[in-house]
Amino acid sequence: MSQKGKLQESHRTDAALAVYTNHLHVAYETNVILHGLDIEIPTGQCVAITGSNGSGKSTFVKSLMGSAPVTDGEIEIFGKNPKSKGLFTSGKVDWDRIGYVPQRPSAPSPVSSTAREVVRSGLLGPKRPWHTPGSKQLTEAALTQVGLLHRADTPVQVLSGGQHQRIRIARALVRDPDLFIADEPLAGIDRHSQEKLADIIGSLKEQGKTILLVLHELGPIEPHIDRVINLASGHVTYDGPVQDTDEVQPGGFSPKLGHTDPHHHCGDHND
């Protein structure tokens, strides 16, 4: 199949869709970031969103979470429309079904919290301002899932970058979500920690979760990826299986190899 024939290829199946966008546009004032994205992600699929800096990867995820300014088009998560509302405001989407790991902050938090406290905070929300019975057990189960129960009472400030990332993942998993979204989960951590995260992704996949990952390159997660959607300048330039990603046009971005176009320049906030 030609590369052109693979662009915006429909993946609609008899399975319910976890994520659906139709003609999705996102713009910050006059700066259009996403240009008419049509994306369908069936439940149970593990998808990597790839692309160079400024391609719109993070903006796409933020649009799903209701924190990016959608100017045109439709978004549905499990058949419900978030209507561009924030993660912690009321809406039609059942946010308990979504676990979200945003990009890791560059500066550490000045607040001293233990790993247990950080993970347990993932059970709170506007309709659940205090901990309910069973929250301790759920927290310990999530810490066990990421292999850090033995670090439960350790201040997160003293954890390694990889351990800190796993704690943030545990916070997203503590509600046992059906859709797991992570923005650059491999960034800034060593190979050993990346392999630990790959094991977590593999476990989620075995449980039948829908997984959406923003990645610069696939790394050790590659064996678990069902599908790659590559973005460039807010457009889909590839949508297909991992084994075909080397067919991306020369000079563009290869999700498998992590090559970027040296002539592409965009602001950091676009990514």
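**Close-up views of a predicted model**

**View 1. Six strands side by side.** In this predicted model, 6 strands make up an open sheet, and reading across gives the order E5-E6-E7-E3-E8-E9, with mixed pairing. At the edges sit strand E5 (98–101) and strand E9 (235–240), each of which pairs on one side only. Ignoring direction, neighbouring strands in this sheet are turned by 15 degrees against each other on average.

**View 2. Zooming in on E3 and E8.** Strand E3 (residues 46–50) and strand E8 (residues 227–232) run parallel, and 4 bridges join them. Want a spot to look for? Find threonine 50: it stands opposite asparagine 230 in E8.

**View 3. Helices against the sheet.** Helix H2 (residues 57–64) lies across E3, E5, strand E6 (179–183), strand E7 (210–214) and E8. Compared with E7, helix H2 runs at about 140 degrees. Helix H6 (residues 191–206) packs on the sheet too, touching E3, E6 and E7. The direction of helix H6 makes about 150 degrees with that of E7.

**View 4. A little empty space inside.** Rolling a probe the size of a water molecule over the atoms shows where empty space is left. Here the count comes to 1 cavity of 30 Å³ or more, and the largest cavity has a volume of about 30 Å³. Which residues line the largest cavity? They are Ile169, Phe180, Pro185, Leu197, Ile201, Leu213 and Ile221. Sort the lining by type and you get 7 nonpolar residues, no polar ones and no charged ones.

How values were computed. Residues numbered from 1 in each chain as written. Predicted model: local features only at pLDDT ≥ 70, side-chain atom pairs only at ≥ 80, totals over all residues. Heavy atoms only, no water. 1 Å grid on protein atoms, 1.4 Å probe; cavity = no way out; pocket = protein on both sides within 12 Å on 5 of 7 lines; lining within 4 Å. Points joined across faces, edges and corners; volume = space filled by probe spheres on them. Nonpolar A, V, L, I, M, F, W, Y, C, P; charged D, E, K, R; others polar. Pairing = 2+ DSSP bridges. Helix = DSSP H or I, 4+ residues; strand = E, 2+ residues; numbered from the N terminus. Axes fitted to C-alpha atoms, helices over the stretch in contact; angles between N-to-C directions. Contact = heavy atoms within 4.5 Å.
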